[in-house]
Amino acid sequence: MMRMLNLIKIAYRSLNRNKFRSFLTMLGIIIGVASVIAMLAIGQGSKKNIQDSVESLGSNTIILIPGAISQGGVHLEAGSSNSLKRQDADAIMARCQLVQYVSPVVYKGAQVVAGSQNWRTVVYGVLNDYFNIRNLAIIDGISFSTMDERAAAKVCVIGQTVRTKLFGVYENPLGQVIRINTIPFKIIGVLDKKGQNSFGQDQDDVIIAPFSTVQKRMLSTTNVNNIMASAISQELIVDATDEITRLIRERHKLAPFEEDDFIVRSQQDIANIFGAVSKVLTILLASIASISLLVGGIGIMNIMLVSVTERTREIGIRLAVGAKSRDILFQFMIESVFMSFMGGLLGISVGILVSVLVAKVGGWPVDVTLFSVVLSFGFSSFVGLFFGWYPARKASKLNPIEALRYE
Amino acid sequence: MGDVELRALDGVTIDISKGDFVAVMGASGSGKSTFMNIIGCLDKPTSGEYFIENENALHLTENALAELRNKKIGFIFQSFNILTRTTAIENVELPLLYDHRVSSKERRQRAFEALKSVGLEHKVNSLPNQLSGGQQQRVAIARALVNNPLIIMADEPTGNLDSKTSIEIMQLFQELNKKGITIVMVTHETDIAGFALSTIVFKDGKIILNEKLDHQKDAEAELRNYPTTTKTIG
Ligand SMILES: Nc1ncnc2c1ncn2[C@@H]1O[C@H](COP(=O)(O)OP(=O)(O)OP(=O)(O)O)[C@@H](O)[C@H]1O
Ligand SMILES: [Mg+2]
């Protein structure tokens, strides 16, 4: 124990004597560890963010979009066919027992004018259930009624962004009339703030109006862009998806050998897809960062090898006054482990700092996990041991008399 | 040109008894340092035997030899061989750092005492490049003393010192010798050799003379008679 303590003291003194060189050596490890931490934090952060925004769709959500039209075996983009109609949504409501809410969805970009202000946004035409499916809350006013839907009433609910762009923060928008693509609509409600989703989309930049109003007055088609539904519980989401698929296939009169002419995705499916993508992203970022850690380790080995040669005489002196070969081995091992250890600690601090900066300045979501700290710290210490061993062994194998003669 | 076999030492047989003070003399290249390295357990002869305290040093492991150098031998080199960028006291502490029975407090204390005995108590925290050659040599001597060795091997300890300091070092050696420490010292100066108890002379790797001196000079007495003011010559 005492011996180890003395060796630590010796190693510390010799690192201290070459402060700048020790720091430069550590720099490789610092950068390596810091980038591992920061990369994992960014990867983890975006994963969490994607999960959050997929969940903000509503946790039991199922979405149906028209399938690709295939022309002579060539598939076009999903959503390009005209397969889904409002009647499909009504049928799901009437016949699927595992489905709680359903709403057909149509949308269209629109120019909105209120007095002297104008703004470009998207108008959604939906049924009342849509608010439940998407977890949208109305903080001011009310939602539209079945009466409004039946009458294709020119009423709407606006998002926070639209509200501020058209009315500022202080003016009360309720009851005001705005022109959407020149058609006058009365504002009956204001949505609560939802923020951006992970695709950078402002979820508050919307206007929501009754389905029939948008379809009849603004669009000239009976097709819907998609149908959103929610299962009665999260556990039943797979069964609900199957139930919907069977019903729509039957309605579309598809023979067993024919492919679906629509696509059904549950919120879980979407979460899984993005989860997998961000996992790949995280692994990629982390492996790039690990390479810099490895380079840092090689840097340590390089410096230690130079240092062994440069300090041959010193080693000779130590051997002459009674250092054993393993004392020399340990001294050099301690030096390299100490450097990677300190480099690891500093790297963690720098990594966390960088992550916080990325979050603050870049607005990127970051999440520093304990796992990434432990991982990179463990790895950097291992790097010190691994790359320190060879130079240390070389030093310990020196012959005292030859080492003393070394110029 | 082929390799020519050079015998730095050839057929050397010598018995140094405990408590002796041997002056080793001989021309440059005669094998003195090689001899010192072997009995200081730093080097091994190609063939032959060497017993230290009745143990055959050639049969000892590297670790046992290191232990021996650490506990029983103090080595003073011809070229000081002290660590650069390391203070005087840290240099002197060095052998004790490899002796884990010595606490750090005791280590400091003993290193300071050793520096004091060579008259460097005011240079404790100086770096080698802030010291004169003679002072550096004295740091090396202090380092050789600090482990209370049984044998001191000194390869020209006074080579870089003025004559008064040389006699002071001899006084120190004689004191240590009286305490029972065996000293083997290489020197070129007959004057300095006179402070020893016996002399051996090397020539071309062979011992050509090994004699006990009938009269040992007393360094303390010499110092007392040393002129306090020196006339400038020239
Ligand atoms: N590493 C070596 N390789 C080859 N020859 C050597 C080596 N070291 C010493 N020698 C030779 O061995 C002989 C003895 O050298 P040594 O250093 O023992 O001399 P010395 O008596 O100490 O001389 P000096 O008084 O100059 O210090 C010399 O001829 C020298 O050239
Ligand atoms: Mg010599």
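Here are two short exercises on a predicted model, each with a worked solution.

**Exercise 1. Strand S9 and its neighbours**

Work out which strands of chain A pair with S9(A), and in which sense.

*Solution.*

Step 1. Let's start with S9(A) itself, which covers residues 183-191. This strand is mostly covered, with seven of its nine residues buried.

Step 2. Now take strand S6 (residues 138-141): its pairing with S9(A) is antiparallel and runs over three bridges. To see one contact, find Asp140(A), whose bridge partner in S9(A) is Val190(A).

Step 3. Next comes strand S7 (residues 155-158), which pairs with S9(A) in the parallel sense over four bridges. Here, Val155(A) has Lys186(A) of S9(A) as its bridge partner.

Step 4. Strand S8 (residues 177-180) also pairs with S9(A), in the antiparallel sense and over four bridges. Look for Val177(A), which stands opposite Lys186(A).

Step 5. Finally, check the turn: S8(A) and S9(A) form a hairpin with two residues between the strands. In that hairpin, Asn181(A) has a positive phi near 45°.

**Exercise 2. A patch on the surface**

Find the residues that make a nonpolar surface patch of about 320 Å², then decide how Leu24(A) is classed by its accessibility.

*Solution.*

Step 1. The patch is made by Phe20(A), Phe23(A) and Leu24(A).

Step 2. Pick out Leu24(A) and you'll find it in helix H2 of chain A, residues 19-55.

Step 3. The relative accessibility of Leu24(A) is 43%. Buried means under 20% and exposed means over 50%, so Leu24(A) counts as partly exposed.

How values were computed:
Residues numbered from 1 in each chain as written. Chains lettered and ligands numbered in written order. Predicted model: local features only at pLDDT ≥ 70, side-chain atom pairs only at ≥ 80, totals over all residues. Heavy atoms only, no water. Patch = residues over 30% accessible without salt bridge, like charges linked within 9 Å, V, L, I, M, F, W, Y side chains within 5 Å. Areas by Shrake-Rupley, 256 points an atom, 1.4 Å probe, with all protein chains shown as cover. Salt bridge = Lys/Arg side-chain N within 4 Å of Asp/Glu carboxyl O. Buried < 20%, exposed > 50% of the residue type's maximum accessible area, 1.4 Å probe, protein only. Pairing = 2+ DSSP bridges.
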